[in-house]
Amino acid sequence: MTTITNPRMPHGITPRPLLPHANAYAPMLATVHEIIEESPTIKSIRVVLNDDEAQRSFTFEPGQVGQLSVFGAGEATFVISSPPSEKRFLQFSVMLAGEVTAAIHRLSVGETVGVRAPLGNFFPYKDWFGKNVFFIAGGIGIAPIRTIMLHVLEHAENYGSLHLLFGARKPGDLAFKQDIPDWLTRSDLDCTLCVDRADESWSHKTGMVPSVLEELAPQPENTVAVLCGPPVMIKYTIETLEKLGFSPEHIITTLEKRMKCGIGICGRCNIGGLYVCVDGPVFSWKTLQGLPNEL
Amino acid sequence: MNCYRFLAKDALSAFLAFLAERERVLVPVEKNGARSSVVFEEWHEGLPFTMLKSTVPPKAAVLPQCEVLFTCRRVPDEGDQNRHVMVLDDTLTAQPTVIVATRPCDARGFAVLDRPYLNGLYQDPYYAARRKELTVLTLTCPTGCESCFCHWVGGGPSSPEGSDVLLTEIEGGYLCQSVTEKGRSLLERSALPDGEDRLASMQEARKKAYQSLGRAPDLKTAPQRISERFSDLDFWNRWTEACISCGACTYFCPTCYCFTITDEGDPAHAEGGRRLRSWDNCMSSLFTREASGHNPRRKKAERMRNRISHKYATYPENWGVFSCSGCGRCVSNCPTGIDIRAILLSALGKEEDMISHGTQSKETGQ
Amino acid sequence: MSGLTQGERRELRIVGFLCNWCSYGGADTAGVARASQPTDLRIIRVPCSGRVDPLFVVKALLNGADGVLVSGCHPRDCHYGTGNFYARRRLEVLRRFLPVLGIDPKRFSYTWVSASEGQRWQTVVTRFTEEIHELGPAPRFMDAGPLEREIEQPASSPLHSLDSASLESLAALKQAIASRLPELDLVLGWQEGRDKAHLVPLFIRTPEDLDRLAIGPLAVHNLAVYLPELKGRKVGIVVKGCDGRSVVELLQEKLISREDVEIFAVACHGTFDTGRIDQALGRYQHLESVRMDGKELRITCDGRERHFSLENDSSTKCLHCKTPLSPLSDHSFGSAPSVGEGDSTPPDLARLDAMTLDERRAFWRSQMERCIRCYACRNACPLCVCRDHCISDTREPHFTTQESTAKEKFFFQIIHSLHLAGRCTGCGECQRSCPVGIPILALREHLIRVTDELFPEYRAGMTVDAAAPLLTYSVEEPHIQEREW
């Protein structure tokens, strides 16, 4: 089996797709091509780079992030939630939270935005060849999970069985509604949905992600758990996974921090000596255990 | 080969004028206000300047307090007046600059900034351009001072790191020693007389400066000991009680380099929009507060812990040296008198050193 | 500019904040009646004159407005009942604040015009516009040149004697704290810092901590700044007179509770200006001794002795101090010096008073240039209680940018000052904390003078149950003379 050195473990540097522009602070211009309302607070923005050649040659790895700019409001970091095989556009799924996300939510089709991408490391998917993969997503945490899951599904022959556990607070909060019917019905994915608070329309599981996970009780043998969600969900889900017998190196998560530069200089997204923007956002639980507890 | 030239005190202005022919010359200038302070300003004929250590370090020469990364304008498309295009302008101009009479701790500060800005995964083009155009003429210190501790962290009163030329005060003026090629060619271009015959006085002055320093504690184990202290919140709480979470320690630090990026203006407006990079302060709660409200460093003790860890544990892990040059400005400028030396020694379990260095109550009379 | 004739004169930029219910209607009435009006005014409609934050006005004036006019409903006619009563106090304070900034107060006016008073509106807008044209375009803050003449700091004599008498109370104070310590979570005091000349805050929890307690004229920090973050804990605090006023102000604003705070008041006979001491000591390596003897402080470092006296080297705030002992206390120590009659103008403020408007702008511009926005001034202020929610940090509202211009930095000082109007006790921590020594206390001192003139019955930080002047109003304001049109 081929292994790629990834994520950047202390302290070697992994080669990765570099920014296609010389000034790492100057974004590439892009145009909003499509806006999808995923939930009352989440929108997916699909953008196309204005430079045709840049769009055609743009490559990234699943789990890498980009800085999306609305000029005049600022920029913020989001995972690229489309799979790398999608060459027509780049998708960012954005939850309404602060000034920049509000400006992103006000965008309309045809407007110009800025993109600095790809940034950060990515999911070590080649390490998972031959293994089962159990994806776990809570709320907007589905965004990075979507990109890696679609990528893995495209190459399903390389993997064992594939599972998704996707939870949200309530049914209306589940993002990617257009994708869900496909995820529920396709034969190469075993998909479970859950909400904290169900309503009469809800025919799936009710309960928080960690407790539903405990109920599903995936077998840890030859399985990698890949999770993303709010900090508190990550904390309890990892506890559950450990209880189920998952070893720390087989628990992979992707983190969020306040970021500005995205290129490892500005100094705020560190956990110990690692910077989430360049050494992350993807970390194994084993790596995180060796770092100061400051999530 | 080093080049030695002598700069007589009464030739200082002429020397500055010589430098100013080609470059922007920054000199320390004393400002009078509620208390006197020394800041770097652009020299011009007649500007009164001082050779005192500056209150504000010269890092703004390479990393301005605020700079425009690029401007953006939304303008009508040339081909189709009904359409608009966004035009970004990230042209950067770095003015050739020479800093005069900075101190060895500040020059070492440039070296600390160089690592992440020039040698990381991505190079910072703004910093790189300014740094390339910078010449550093450092005045070696004649003594230590009550708040500084350069020799604890790998420096010293005549440490050459980060400097192009070292100036040492000797009788009648300064002996200038080139450290880099850039410094050497500058001295050779100048009309300053040869100074080789005064080397002995220079060495004497430097030796005296070293001898004036107290004993330095051994900080070899600092990265490890501070990492071990990480989860000891009582420790951090105790040392942070007096902190008021202002930015005096970070903004006056020659090695602190964190920044924020914000947008101003409106690209559709005639004045256009601009993306700014400005100094930021890790002691402020806003530094890490996420839009969701989540904040990994909500408590001031957690922020102090990060600052100390960065300087003495994680920066050394990544780059092999401390990100502190011991200038002592965080000590002398802290409104509540927090002493980073005391925190450091306490983290290392070396309180006894603290006392012998006069950072606590005991008198130090020699 | 005033030389231009009416026909060819250049339009100036005048901003009008008009209340939705009266003055906007009045302007409309004037328009419908085709009453001729100058066209320089740009109208911003606001729900009520009470909505007009004085910062709107200053921001406009600092950013190129040549004049600003605020107009609301007549007093007693406010749509919301009392909005314009509050506005009147705030705007009058603002009007009197502008000169210290170097802004001509004639460039700002506020008045009342009802919806039916089309003619009055016409008079107001015409007259105000005329006045602004007489003044001409406003000078820009960033165009202010260097201050060209030396302005002497006038000599002033203190209102009470300054000496080190407070030191005598230390033993009694320690004893009192020792007896109360078991019931308190901690007590705030001072201790020696990096050397004996530099005291720092002390957080006393144990008898050993208490042994380190120090007081006296080098105990400069106002420890009240720590009280809000300790809310909910039983805290003792050692206070000088000015510090005690901050505690009272925090109690008045209900930011701390009386039952949680125990006040150990020490009669203060003056504090040193530590900046001046540092400057005189210069660079030194070892401090050998600090001796306080009556009015004299002797500091020996590197073998050299230097003398300081409270008469020459006290903090300027001490010169006009009228409260050497905290107005509120649970325990008090030492005898307070008797305070002389009358008022004295703080020296930095007196110097500003001696300047022209142009010189004041030049002064502030040159002083603000070296500010590096560390916000020590804000964070050391015991009454800057917004902490992590300061509007100088928010982007919504977006009052300041990160730009490092003197104007942006000065605007922050204006924000801080105006937010302290009627609350500031003049403790001087903002200025003491400034590492580059910008004399920003003068702005606050001027505001204290303004609020003293307008509300002579009130002094900030004296009475817990008093109402701060800008948080209340009178239907008739005896000290506000509104202008006639």
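User: What makes the lining of the second largest cavity mainly nonpolar, polar or charged in this predicted model?

Analyst: In this predicted model, the lining of the second largest cavity has 13 nonpolar, two polar and two charged residues. Cysteine, methionine and isoleucine count as nonpolar, and the residues that lie nearest the centre of this cavity are Cys249(B), Met304(B), Cys330(B), Cys334(B) and Ile338(B), out of the 17 that line the second largest cavity. At least two lining residues come from each of helix H8 (248-251), helix H9 (300-319) and helix H11 (340-347) of chain B.

User: Why is this space called a cavity, and what volume does it have?

Analyst: The term cavity applies because a 1.4 Å probe fits at its points but cannot get out. The second largest cavity encloses about 180 Å³ of space, and the structure holds 14 cavities of 30 Å³ or more.

User: How do you know where the largest cavity lies with respect to the domains of chain C?

Analyst: The largest cavity, with a volume of about 230 Å³, is lined by 22 residues, and the closest to its centre are Arg35(B), Cys334(B), Pro335(B), His198(C) and Arg432(C). Both domain 2 (165-333) and domain 3 (347-454) of chain C give residues to this lining, so the largest cavity lies between them. Chain B takes part as well, since helix H10 (329-333) of chain B supplies at least two lining residues, as do strand E6 (198-204), helix H8 (274-281) and helix H15 (429-433) of chain C. By class, the lining of the largest cavity has 10 nonpolar, eight polar and four charged residues.

User: Why is chain C called as compact as a globular protein of its length?

Analyst: Chain C, which has 16 helices and 12 strands, has a radius of gyration of 25 Å, and the globule rule gives 23 Å for 485 residues; the two values are close, so chain C is as compact as a globular protein of that length. Its C-alpha atoms fill a box of roughly 80 × 50 × 45 Å along the principal axes.

User: What makes Ala27(C) in helix H1 of chain C count as buried, and which elements do the buried residues of H1(C) pack against?

Analyst: Buried means under 20% relative accessible area, and the buried residues of helix H1 (residues 23-32) of chain C are Ser23(C), Gly25(C), Gly26(C), Ala27(C) and Ala30(C). These buried residues pack against strand E1 (14-19), strand E2 (41-46), strand E3 (67-72) and helix H4 (118-135) of chain C. After H1(C) comes Arg34(C), with a positive phi near 55°.

Definitions and conventions: Residues numbered from 1 in each chain as written. Chains lettered and ligands numbered in written order. Predicted model: local features only at pLDDT ≥ 70, side-chain atom pairs only at ≥ 80, totals over all residues. Heavy atoms only, no water. 1 Å grid on protein atoms, 1.4 Å probe; cavity = no way out; pocket = protein on both sides within 12 Å on 5 of 7 lines; lining within 4 Å. Points joined across faces, edges and corners; volume = space filled by probe spheres on them. Helix = DSSP H or I, 4+ residues; strand = E, 2+ residues; numbered from the N terminus. Domains from an automatic or database assignment. Rg over C-alpha atoms; globule rule 2.2 N^0.38 Å. Buried < 20%, exposed > 50% of the residue type's maximum accessible area, 1.4 Å probe, protein only. Contact = heavy atoms within 4.5 Å.
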